[in-house]
Amino acid sequence: MNKKRLLGNISQVMVGRIAALLSSLATGFILPKVLGVTDYGYLKIYTLYTVYTALLHCGFVDGVLLKYAGESYKKLNCRELRSCSQFFIFFQLALTGMLCIISFVISDLNYRAIIFALGIQLFLNNVTTYYQFLSQATQRFREYSVRSILQAISKTLLVLFLLAGETIGFLEPTFSLYLILVNSIDAALLLWYVATYREITFGVRVPFRDCRPLFHELFRLGIPLTLAYQAAQLVFALDRQFVSVLFNTAIYGIYSFAYSVVHMVSQIISSASTVLLPSLKQLPKQKIEHYYPITLNIVMMIAGAALIGYFPLEKIIQWYLPDYVTSLSYLRIILPTLIYTCCISVVMFTFYKVENRSGLYLKICCIVLAVGFALNHIAYETVGTTQSISWASAVTVAVWFVLAGRHFEKNRLKRHSGNFVYILLLGASFYVISTLQISWLSGALLYLGAYSAITLPVFLYTLRKKRPEAL
């Protein structure tokens, strides 16, 4: 693996993710204030279910990613890919039409708007993901980053426009208006992708009937990965599903706000996963194991350091978003789980994909999903508070980390007991310090000291890890 090229690719993707972070800051802190608790709650219900629309590509785009990962774009068969592109666009249009029609039988106008917007988003997101995965597979990360930056800037400007409209009084922001405008931005991005990839979208193509074996291969390759991804997303969103069903929209909006903050941090760290898959796919299997413990340790350390942001953020929320101050009780519980989730989604899931073990990962996710459902149900029935559901979610993610890591421990890629203890120590330090009645600066400095002491052995181990001569 060319380290210089790998770091360059990660840097390109990270620039796009930083722009996305700035956009998330606007949507995460300005939008809740502009929309209000109830409308923001409806918006978060919409975003909760957008995750599941990815299931409706039925594995096709994941199959494209796995089949072409590490390939050169110039060597792709354009005639075959034109058939793939047109087939997938028609397929998603049909599903979008069905979902939009279904929305009109919903009597509640707010939920009708949500379902209709989900239908539109299904097409925009899945077809855009198809082109993004082609970019990722063929390592065209610069165009991926440029589009991410412009999309982030557009969505930031949209939020500022809504803020100005409410401040001046020339419009009343609602979640429905926001969905219309944000889907318009996504539509423009998709048209740009179609224009960029016009040579594999338009022109002479192989007849669909002759491409059936290829279509079947893409679905077959991708569906285990899609199901594994969706099972993972269900685990991530399980506690929010409970809260959305068992509590009112306003409470759900406040609860989801805490997760929005966590998402802002995780999207930066997840930059590495976009680059890792096509890069690792180019390596012989015997060389891949060298990179697993190193990447896992790096992600752990970065995610652990990110927890320091809680302390200034607590004061910002109390000052700027007093209506959402109760979300801090949830944020304090779930923020340390960021270390587990980043290790799982960025490192472990990527290596499962590299090894073509998506089926095994799916089984693990299903087990964790059952455990999580049981824990959340017990938490609600015995305690009945949203905080208890947050704690159940934290325990679920810890179990997930252990189960997902056993495969690599069994294959001698990494001993996970040390990693688990490391994360527990960081989490315990954070929980203790965040409960102290001290200034945010004192809290940040105390956590920084604890983090440095706990992390130093891990850092020295990672630094000493030598690169095998075969690499």
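The following dialogue discusses how several features of a predicted model may be read.

Biologist: What does the secondary structure of the protein chain come to?

Modeller: The model is a predicted one. Its chain holds 18 helices and zero strands. Buried residues account for 55% of the 471 residues. Among contacts between residues at least 6 apart in sequence, 85% join residues at least 24 apart.

Biologist: How should one read a nonpolar core, and which residues of the largest one touch the most other members?

Modeller: In soluble globular proteins, nonpolar side chains tend to be buried together. Here the largest nonpolar core has 101 residues, and those touching the most other members are Leu-43, Tyr-178, Leu-331, Met-348, Tyr-361, Trp-400 and Tyr-422. Helix α1 supplies the largest share of this core, with 13 residues. There is also a second, separate core of 31 residues, which includes Val-64, Leu-124, Leu-190 and Val-194.

Biologist: How many salt bridges are there?

Modeller: A salt bridge requires a side-chain nitrogen of Lys or Arg within 4 Å of a carboxyl oxygen of Asp or Glu. By this rule there are two salt bridges. One joins the side chains of Lys-67 and Glu-217, with an N to O distance of 3.3 Å. Lys-67 belongs to helix α2 (residues 60–68) and Glu-217 to helix α7 (residues 212–246), so this pair ties together parts that are 150 residues apart in sequence.

Biologist: Are Lys-67 and Glu-217 buried, exposed or partly exposed?

Modeller: The cut-offs are under 20% relative accessible area for buried and over 50% for exposed, with partly exposed in between. Lys-67, at 28% relative accessibility, is therefore partly exposed. Glu-217 has a relative accessible area of 25% and is likewise partly exposed.

Biologist: Where does the pair Asp-186 and Lys-155 lie in the chain?

Modeller: The side chains of Asp-186 and Lys-155 form a salt bridge at 3.3 Å, N to O. Asp-186 is in helix α6 (residues 175–196) and Lys-155 in helix α5 (residues 141–168), and the pair links distant parts of the chain, 31 residues apart. Both Asp-186 and Lys-155 are buried.

Biologist: Turning to pockets, which residues line the second largest pocket?

Modeller: A pocket may be described by its volume, its lining and the elements that supply that lining. The second largest pocket encloses about 210 Å³ of space. Its lining consists of Tyr-49, Tyr-52, Thr-53, Leu-56, Leu-95, Met-98, Leu-99, Ile-102, Tyr-111, Ile-114, Ile-115 and Leu-118. Two or more lining residues come from each of α1 (3–53), α3 (78–103) and α4 (109–137).

Biologist: How do the residues of that lining divide into nonpolar, polar and charged?

Modeller: Eleven of the lining residues are nonpolar, one is polar and none is charged.

Biologist: How may one examine a single residue, and with which residues is Tyr-340 in contact?

Modeller: One may consider its element, its accessibility and its contacts in turn. Tyr-340 sits in helix α14 (residues 337–354). With a relative accessible area of 6%, Tyr-340 is buried. Apart from its neighbours within four places in sequence, Tyr-340 contacts Val-397, Ala-398, Phe-401, Phe-420, Ile-423 and Leu-424. Tyr-340 and Leu-424 are 84 residues apart along the chain, and their C-alpha atoms are separated by 9.9 Å.

Biologist: In which helix is Ser-24 found, and is Ser-24 buried or exposed?

Modeller: Ser-24 is part of helix α1. A relative accessible area of 12% makes Ser-24 buried. The C-alpha atoms of Ser-24 and His-263 are separated by 8.5 Å, while the two residues are 239 residues apart along the chain.

How values were computed: Residues are numbered from 1 along each chain as its sequence is written. This is a predicted model: local features need pLDDT of at least 70, side-chain atom pairs count only at pLDDT 80 or more; totals for chains, interfaces and linings use all residues. Side-chain values use heavy atoms; hydrogens and water are left out. On a 1 Å grid over the protein atoms alone, a cavity is a set of points where a 1.4 Å probe fits but cannot get out, and a pocket is an open set with protein on both sides within 12 Å along at least five of seven lines; lining residues have an atom within 4 Å of a point. Grid points are joined across faces, edges and corners, and a volume is the space filled by probe spheres set on the points. Helices (H or I, at least four residues) and strands (E, at least two) are DSSP runs, numbered from the N terminus. Ala, Val, Leu, Ile, Met, Phe, Trp, Tyr, Cys and Pro count as nonpolar, Asp, Glu, Lys and Arg as charged, and the others, Gly among them, as polar. Buried means under 20% relative accessible area, exposed over 50%, partly exposed in between (1.4 Å probe, protein chains only). A nonpolar core is a set of buried Ala, Val, Leu, Ile, Met, Phe, Trp, Tyr and Cys residues joined through side-chain atoms within 4.5 Å. Contact means heavy atoms within 4.5 Å.
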